[in-house]
Amino acid sequence: PASATRTFGYQRTEIVAAALNALLLLGLSGYIITQAIMRFLAPPEVASELMIVFGVVALIGNGISLFLLRSAQKESLNVKGAFLEVLSDLLGAGAVIVAAIVIMFTGWLEADAVASLFIGVLIVPRTLTLLREAFDVLLEATPRSVDLAKVREHILEVPGVVDAHDLHAWLITSGVPVLSAHVVVAEAANPQMLDRLQECVRDHFDVEHSTFQLEPRQHS
């Protein structure tokens, strides 16, 4: 919960966890790719039957996890990180099964290294996307759902508003955008004007938490 020292509580912990998860996945993919190259140069003996058993178990387990996470990953960056990890594991499990079958019927041991390389490369682009999204939140970048130029246009349409400046929008955590702005008014501000400004950003841009500083024209 929020407190006097942490006015938004620990909501951003989710984003920190997502960033750490992404960094961990990058490190893991680097390790897998390195091991895959080493195994390709000197392929060890592989128990293909055991590979198939573990591959099938992983395929079923990750398939269930992916089904459970599919809707929540659209609303939470942290759940999205888990979803991407599970998706990579699911595809990786499929690659393991294919590699095991190839080894079983052809004896080509390098198939194990190829599958590992595929898994490692598969993780990287999704992880970089997750890391960029997490850093955007931590650096308080403007949310993708909020176009500040359009926000300004909507604010200027409110009767009595002359100008708007110092617009800022950022995310506290997934699904919690906030916005602040200085609004120059033609005459003494009234409660209806403030209500209309807050309704504007809430209805058009889904920003529930907004702060407006209303200023007279003569204020520099």
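Which residue lies over the face of Phe67, and at what distance from the ring centre? In this predicted model, the residue is Arg70, which is placed 4.0 Å from the centre of the Phe67 ring. Pairs between two aromatic rings are another matter, for their count comes to 0.

From this side-chain detail we can turn to the helices, beginning with H4, which runs from residue 110 to residue 138 and contains 29 residues. From its first C-alpha to its last, helix H4 reaches 42 Å, and this is close to the 42 Å expected at 1.5 Å a residue. When reading along such a helix, it helps to remember that an α-helix has 3.6 residues a turn, so residues three or four places apart point the same way. Just after H4 comes Glu140, whose phi is positive, at about 55 degrees.

Further along the chain we come to the sheet, which is open and has 3 strands in the order S1-S2-S3, with mixed pairing. The edges are taken by strand S1 (161-171) and strand S3 (209-216), and because each of these has a single partner strand, one side of each is left without a neighbour in the sheet. On average, and with direction ignored, neighbouring strands of this sheet are turned by 15 degrees against each other. In general, the strands of a sheet pair through backbone hydrogen bonds, and they do so either in parallel or in antiparallel fashion. Here, strand S2, made of residues 177-185, pairs with S3 in the parallel sense, and 8 bridges join the two. To follow one of these contacts in the model, the reader may look for Leu179, whose bridge partner in S3 is Ser210. Against the sheet packs helix H5, residues 148-156, which touches S1, S2 and S3, while the direction of H5 makes about 145 degrees with that of S1.

Two aspartates in this part of the chain deserve a careful look at their backbone angles. Asp166, which belongs to strand S1, has a positive phi of about 50 degrees even though it is not a glycine. Is Asp206, by comparison, placed in a strand or in a loop? Asp206 is found in the loop between helix H6 (191-205) and S3, and it too is not a glycine, yet has a positive phi, in this case of about 60 degrees. As for their surroundings, Asp166 is partly exposed, with a relative accessible area of 42%, whereas Asp206 counts as exposed at 54% relative accessibility, since the word exposed is kept for values over 50%.

Terms used. Residues numbered from 1 in each chain as written. Predicted model: local features only at pLDDT ≥ 70, side-chain atom pairs only at ≥ 80, totals over all residues. Heavy atoms only, no water. Pairing = 2+ DSSP bridges. Helix = DSSP H or I, 4+ residues; strand = E, 2+ residues; numbered from the N terminus. Axes fitted to C-alpha atoms, helices over the stretch in contact; angles between N-to-C directions. Contact = heavy atoms within 4.5 Å. Phe/Tyr/Trp six-rings, centres within 6.5 Å; stacked < 30°, edge-to-face > 60°. Lys NZ or Arg CZ within 6 Å of the ring centre and 35° of its normal. Expected span 1.5 Å × (residues − 1). Buried < 20%, exposed > 50% of the residue type's maximum accessible area, 1.4 Å probe, protein only.
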